[in-house]
Amino acid sequence: MDKYDVAIIGAGPGGLACAGKAQDLGLSYVLLEKGKRALQGIVDSYPRGKKVYPTIPKGETDPFPIEGLAPSPDTEPVEDYVAKVEAWAESRNISVRLGEDFQGIERDGDGFTVVTRQNRYQASNVILAFGSNIPVDLGVYGEAKTVARGLDNPEDYIGAPTLVLGGGNAAADVVAALSRAKREAGDGTTIWWGHRREQFRVDKDVARDLGEEILLGGNIRILPGAVPKIGEVDADGVDRLIIQTRQLDVGQGVQLNQGMSFPMKRVIACVGTQGPAPVFDKLGLQQITCVAGVCKISKEGTQLIMLTPDFETGTKGIFAIGGAVSPTYILIEKEGVLKETRHSNLIYMAVRDGVRAVQAIANRKMGA
Ligand SMILES: Cc1cc2nc3c(=O)[nH]c(=O)nc-3n(C[C@H](O)[C@H](O)[C@H](O)COP(=O)(O)OP(=O)(O)OC[C@H]3O[C@@H](n4cnc5c(N)ncnc54)[C@H](O)[C@@H]3O)c2cc1C
């Protein structure tokens, strides 16, 4: 297995900046992106036609560190920005490994093994550039890694019952889109729509689409109070998710549970996103929990990642940049002084952080 100087997780503006800078400095890199294209995070989260501003936050004096990643001063729409960045990446021969969903990091001698759902990569350094939108964990006993988090390709679900989890607009949109695809394919199999609460909360427009689907013959069954419980592999080696659909107290501490079990490849969980603190926690990176009177910017209880001025975490060789460290982190200043530091979630900052982290990796390699 090749050992890269740096493995970069996420091909947003921050990850792309890292790859560009690594190339300039002659470092070997692997850039891993879970989506189908570079800038997938931006493509997924910006409304169509949204103008992208080239904002440089107050206090920053340097121009955009990589011109090819800067939004135009004429505030171009997001589609143009994405096309421009793709052209820049192509002209620079920046290679992105798509469809690589990062799962964890293992220590490996004096470096690391980065584990994605699909592969393993060895690297001396790792830069976490996965942005701020991390899917909420399903919170089941066992593993539920193969559960999809959105409807990438409706055809994958034609011909078999499918479970959609989540009680909001995102889940409702998936149910409606999947129902349409199944109807058009003449597939009468059921879409089960489960939510852990009794009430679903969707906007009027989304509810209208959904109502239309039901009236047009969509086979949608609603499961309120459906709680994901266990991820397991069955006797045939199929990954399955078990949800509890009903619980009855039959007295003397005895409960009667009713549930359903779905192959995980037939489950789509639209259960929202969260900040990256739980991921940093899982990776064992040092964080500080804010207590009243100590943190001035963040709320009490917030977990903040600790970073050097070069964005290296408390674990030497692992860096975190961009949206993943916004809006606040703890800066480890010289002599170990800790300072709660604001970090604007802006393209400029992600690019600046990436360039700085890679420069630090190169300096260390040269000094070694
Ligand atoms: C609606 C909206 C409008 C905005 N408008 C502006 C603007 O006008 N100007 C501006 O400067 N900023 C704007 N921002 C902020 C800007 O988009 C972010 O600051 C910037 O995208 C952060 O870059 P990043 O590379 O850190 O993260 P992201 O752009 O979020 O990129 C992270 C990448 O990592 C990938 N990833 C995530 N998890 C994994 C995983 N497990 N494995 C592999 N890959 C993974 C994602 O798919 C994504 O492609 C806006 C943000 C939003 C939401």
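In this predicted model, the ligand sits among 33 residues, and the ones that come nearest are Gly10, Gly12, Gly41, Gly131 and Gly322. Sorted by character, the shell around the ligand holds 16 nonpolar residues, 13 polar ones and four charged ones. Helices chip in here: α1 (13-24), α2 (40-45) and α7 (347-367) each give at least two residues to the shell. The largest share belongs to α2, with four residues.

Two of these shell-lining helices, α1 and α7, also pack against each other, at an angle of about 35° and with their axes 8 Å apart. The crossing of α1 past α7 is right-handed. On the α1 side, the contact is built from Pro13, Gly14, Gly15, Ala17, Cys18, Lys21 and Ala22. The α7 side brings in Ile347, Ala350, Val351, Asp353, Gly354, Val355, Ala357, Val358 and Gln359. Taken together, the residues of this contact come out as 10 nonpolar, four polar and two charged.

Then there is the sheet. Four strands line up in the order β15-β16-β18-β19, making an open sheet with mixed pairing. The edges are taken by β15 (287-289) and β19 (338-342); each has a single partner strand, so one side of each is left without a neighbour in the sheet. On average, and ignoring direction, neighbouring strands here are turned by 35° against each other. At the β15 edge, the partner is β16 (residues 303-307), and the two run antiparallel, joined by three bridges. Within this pair, Gln287 stands opposite Ile305 of β16.

Key:
Residues numbered from 1 in each chain as written. Predicted model: local features only at pLDDT ≥ 70, side-chain atom pairs only at ≥ 80, totals over all residues. Near = placed C-beta within 6 Å. Nonpolar A, V, L, I, M, F, W, Y, C, P; charged D, E, K, R; others polar. Pairing = 2+ DSSP bridges. Axes fitted to C-alpha atoms, helices over the stretch in contact; angles between N-to-C directions. Left-handed = near helix turned anticlockwise from the far one by under 90°. Contact = placed C-beta atoms within 7 Å.
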